[in-house]
Amino acid sequence: MEFDFSAEQKQLKEQARRFLADHCDRKAVRAVLDGPEPYDKGLWKGLGELGYLGASIPEAYGGLGAGYLEACVIAEELGRAVAPVPFSSSIALAAEFLMAAGSEAQKQQHLRGLATGEAIGCFAYAEGTGRVTAASIGTIATRSGETARLTGTKTAVADGDVANFAVVAARDSADAAGLSLYLVDLNGAGVTRTPVATIDPTRSHARIEFSNAPAEPLGAAGQGAALIERVFDRAAVLMAFEQLGGADRALEMARDYALERFAFGRPIGSLQAIKHMLADMYVSATLARSNCYYGAWALSTDSGDLPDAAATSRVSATQAFQHCARNNIQVHGGMGFTWEFDCHLYYRRSNLLALSLGALSTWEDRLIDCLRARRAA
């Protein structure tokens, strides 16, 4: 397989980079890091006005209908800028759940707002520490015709404090073994949200409690687990590109500092230890890019390879971002550990994204399962 982005997609990438350079510099990121706002509302509005948020959403629902490759390059640039916006939650997850299982009325109601940035969505899944499985879900849904009521608690929901609605995984009271998905208005009755502190304050989280909260079924009853797996594969590719952008920028920061910082009369980049560190970072980021391109191809073509490609890109990008962010601090030396330098912005984001959609070990196990299934076939 040979794959590359088209000239138009590369041009979109450059346009997004210029826009983010103007509207999401370090000062803007630190304003969210140090301030009271949970995300950059001005940046989010601008992304919506330019159509970046609706790149993968069909035109019939207010999006650009451009495709997933365009969404991938936008995600990469947002990761490069460590943009403090709810892109992953709203576009990679909430929008994907709606496009995969939403009724026509649900799509019309929610996707337009997501595409313009006027609405924010999130996915409420985990209920405690450790790996999330269907058996670990304790939130209960009591159905009554086309409506339902939810009772339970979700922990550390990404962007749950700012979202307008949530896609919630819950068990049906009538079928204890079945896992289903529901749409819940987070500003409605029976919903209590409490902000949760994380390693990266530029990406807010919340604990959400549902107490007989009104909900609307999303997709077929009992099919939640299969739908989550399908959407996670798609979201994993988009998030991998976000991680790739962060890894590339961390590598560039380390390289630039190594060229300008002098010790013993010469740039530290000429020292063998620094050279080897930068070379390892480059190899890690380049391998991640290759695997992310595989994921982008599989996602854009709806290939049967998508589960394999998603796991491969996710594992590789997670490792690359954490490796580059950590070693960026090391190259900067003592200055790299200070609040004034920007190294910690990427270190924080790399660790936060490493736990999103499941930890690294979860995706490593999924990749192994995919390879075993392919060999058995």
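Author: Helices here are DSSP runs of H or I with at least four residues, and strands are runs of E with at least two, numbered from the N terminus. The model is predicted, so to speak plainly: local features need pLDDT of at least 70, side-chain atom pairs count only at pLDDT 80 or more, and totals for chains, interfaces and linings use all residues. Residues are numbered from 1 along each chain as its sequence is written, and side-chain values use heavy atoms, with hydrogens and water left out.

Reader: Happy to start there! Thr 318 is found in which helix?

Author: Thr 318 is buried (under 20% relative accessible area with a 1.4 Å probe and protein chains only; over 50% is exposed, and in between is partly exposed). Its own relative accessible area is 1%. The helix that holds Thr 318 spans residues 306-332 and is H9.

Reader: Leaving aside neighbours within four places in sequence, which residues is Thr 318 in contact with?

Author: Contact means heavy atoms within 4.5 Å. With neighbours within four places in sequence set aside, the partners of Thr 318 are Gln 243, Ala 354 and Leu 360.

Reader: Which helix gives the largest share of the largest nonpolar core?

Author: A nonpolar core joins buried Ala, Val, Leu, Ile, Met, Phe, Trp, Tyr and Cys residues through side-chain atoms within 4.5 Å. The largest one has 123 residues, and Phe 97, Leu 114 and Phe 241 have the most contacts inside it. Its largest share is 19 residues, from residues 224-260, helix H7.

Reader: What kind of pair do Phe 5 and Tyr 293 form?

Author: Rings of Phe, Tyr and Trp (its six-membered ring) pair if their centres lie within 6.5 Å; planes under 30 degrees apart are stacked, over 60 edge-to-face, the rest tilted. A search of the whole structure finds 12 such pairs. For Phe 5 and Tyr 293 the centres are 5.0 Å apart and the planes at 90°, so this pair is edge-to-face.

Reader: How many residues apart are Phe 5 and Tyr 293?

Author: Both residues are buried, and ring pairs link them with Phe 3 and Phe 241 into a cluster. Phe 5 sits in the segment before helix H1 (7-23) and Tyr 293 in helix H8 (residues 272-301), which puts them apart in the chain by 288 residues.

Reader: Is Trp 297 buried or partly exposed?

Author: Trp 297 forms a stacked pair with Tyr 294, at 6.2 Å centre to centre and 15° between the planes. Being three residues apart in helix H8, the two are separated by about one helical turn. At 23% relative accessibility, Trp 297 counts as partly exposed.
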